[in-house]
Amino acid sequence: GRYDLVILDTAPTGHTLRLLALPQLMENWIRVLDLMLEKHRYMTSVITRRRYRPDATDAYLEHMAADLGRLRALLRNANSTEFVPVTILEAMSIEETARLLEGLEGYCLRVRTLVVNRVVTQRECPYCEARRTGQERYLEEIKGRFSAWNLVLVPLLPQEVRGQEALERYTQAMLDHEPPPLPPHPPPSSPSPNLGGEDRRAREELALAQQQLVLFGGKGGVGKTTIAAATAIDLAGGNEGKKTLL
């Protein structure tokens with residue numbers, strides 16, 4: 001309740017799915033403790049010959065059960081919580097994204113948008129052209145396999161995304177589908193095409209400002225941290241008076 005919006009940069013897929021399983025595991029653990037506590041309640045009643053009065057242990061279990069209930073309700077509330085998978089145009093990342101989406105469906109988490117990071121758009125050098133050509137088949141695979149979700153394609157930037165200014169340039173590239181402004185004296189490059197195509201603009205597709213909890217997830221190394229940080233800066237700047245925690 002101290003923050004209006006919490007943005008969570010999660011661990012890689014396997015750890016994140018285990019994290020999402022934690023509420024159910026803890027509820028089972030509490031049920032086991034409650035069954036064990038029944039013996040204590042019975043023995044106390046027999047020894048004292050009076051009705052059992054709940055003690056600190058009972059209060060702890062009730063408190064934990066209530067917290068877990070609120071957490072489960074929050075995660076499953078589509079009006080409050082959204083999970084945004086992040087992937088790149090590589091075979092292993094695509095397969096892991098499919099596994100993540102399958103797992104998220106089992107936890108009833110809302111997923112509307114899939115972010116495809118590091119899309120190569122420059123064509124002027126042999127390396128860039130080779131990377132771009134190699135990505136084409138994976139991009140077509142993603143469009144086919146994940147057609148049920150909005151796709152946000154983010155271009156590969158020519159510099160490291162580090163610091164607030166770089167994150168703001170990255171945000172522009174991600175949310176506006178426009179070539180990012182470069183630092184002074186960049187290496188010459190051709191302009192990036194509009195990655196949005198006929199799709200809705202990414203700012204409308206993500207539309208996370210009304211949520212309370214946003215989780216970014218995916219394979220290790222796909223750019224979850226960068227995207228979470230860029231999104232947090234953008235939403236914090238556009239939501240004056242609201243507290244955002246990354």
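Q: How many of the 7 residues of strand β3 are buried?

A: Welcome to this predicted model; strand β3, which covers residues 113–119, is a good place to begin. This strand is largely enclosed by the rest of the structure, because most of its residues fall in the buried class: 6 of the 7.

Q: Which residue of strand β3 is partly exposed, with a relative accessible area of 32%?

A: Buried means under 20% relative accessible area and exposed means over 50%, so a value of 32% falls in between. The residue with that value lies in strand β3, and its phi is near 60 degrees, a positive value in a residue other than glycine. The residue is Arg118.

Q: In what order do the 6 strands of the open sheet stand?

A: Strands of a sheet pair through backbone hydrogen bonds, either parallel or antiparallel. Here the pairing is parallel. The edge strands, each pairing on one side only, are β4 and β6. Reading across the open sheet, the order is β4-β3-β2-β5-β1-β6.

Q: How many bridges join strand β2 to β3?

A: Strand β2 spans residues 81–88, and it runs parallel to β3. Within this pairing, Thr87 stands opposite Val116 of β3. The number of bridges joining β2 to β3 is 3.

Q: What is the handedness of the β-α-β crossover from β2 to β3?

A: After β2, the chain passes through helix α3, residues 91–106, before it arrives at β3. The handedness of this β-α-β crossover is right-handed.

Q: Which residue of β4 is the bridge partner of Val116?

A: Strand β4, residues 150–155, pairs with β3 in the parallel sense over 5 bridges. One pair of facing residues is Leu114 and Leu151 in β4. For Val116, the bridge partner in β4 is Leu153.

Q: How many of the 6 residues of β4 are buried?

A: Although β4 is an edge strand that pairs on one side only, strand β4 is largely enclosed by the rest of the structure. That description follows because the number of its residues that are buried is 5 of the 6.

Q: Which residue in β5 does Thr81 stand opposite?

A: Strand β5 covers residues 213–218, and its parallel pairing with β2 has 6 bridges. Across this pairing, Thr81 faces Leu213.

Q: At about what angle does helix α4 run to β3?

A: Helix α4 is made of residues 126–145. The helix lies across three strands, namely β2, β3 and β4. Its angle to β3 is about 175 degrees.

Q: Which residues form the aromatic pair, and is it edge-to-face or stacked?

A: A pair of aromatic rings is described by the distance of the centres and the angle of the planes. Searching the whole structure turns up 1 aromatic pair. Its centres are 6.3 Å apart and its planes meet at 65 degrees, and planes over 60 degrees apart count as edge-to-face. The pair, which is edge-to-face, is Phe146 and Trp149.

Q: Is Trp149 buried or partly exposed?

A: Its ring partner Phe146 is buried, since its relative accessible area is 3% and the cut-off for buried is under 20%. Trp149 has a relative accessibility of 23%, so it counts as partly exposed.

Q: Over the ring of which residue does the charged end of Lys243 sit?

A: The charged end of Lys243 is 5.1 Å from the centre of the ring. That ring belongs to Tyr3.

Q: What distance separates the C-alpha atoms of Met174 and Thr231?

A: Met174 is part of helix α5, residues 164–176, and is buried, with 0% relative accessibility. Along the chain, Met174 and Thr231 are 57 residues apart. Their C-alpha atoms are separated by 9.2 Å.

Q: How far apart in space are Leu22 and Leu68, C-alpha to C-alpha?

A: Leu22 belongs to helix α1, residues 13–48, and is partly exposed at 38% relative accessible area. In sequence, Leu22 and Leu68 are 46 residues apart. In space, C-alpha to C-alpha, they are 9.4 Å apart.

Q: Which residue in the loop between α1 and α2 has a phi near 55 degrees?

A: The phi value is positive, in a residue other than glycine. This loop residue is exposed, with 77% relative accessibility. The residue is Arg49.

Methods:
Residues numbered from 1 in each chain as written. Predicted model: local features only at pLDDT ≥ 70, side-chain atom pairs only at ≥ 80, totals over all residues. Heavy atoms only, no water. Buried < 20%, exposed > 50% of the residue type's maximum accessible area, 1.4 Å probe, protein only. Helix = DSSP H or I, 4+ residues; strand = E, 2+ residues; numbered from the N terminus. Pairing = 2+ DSSP bridges. Right-handed = clockwise from strand over helix to strand, strands pointing away. Contact = heavy atoms within 4.5 Å. Axes fitted to C-alpha atoms, helices over the stretch in contact; angles between N-to-C directions. Phe/Tyr/Trp six-rings, centres within 6.5 Å; stacked < 30°, edge-to-face > 60°. Lys NZ or Arg CZ within 6 Å of the ring centre and 35° of its normal.
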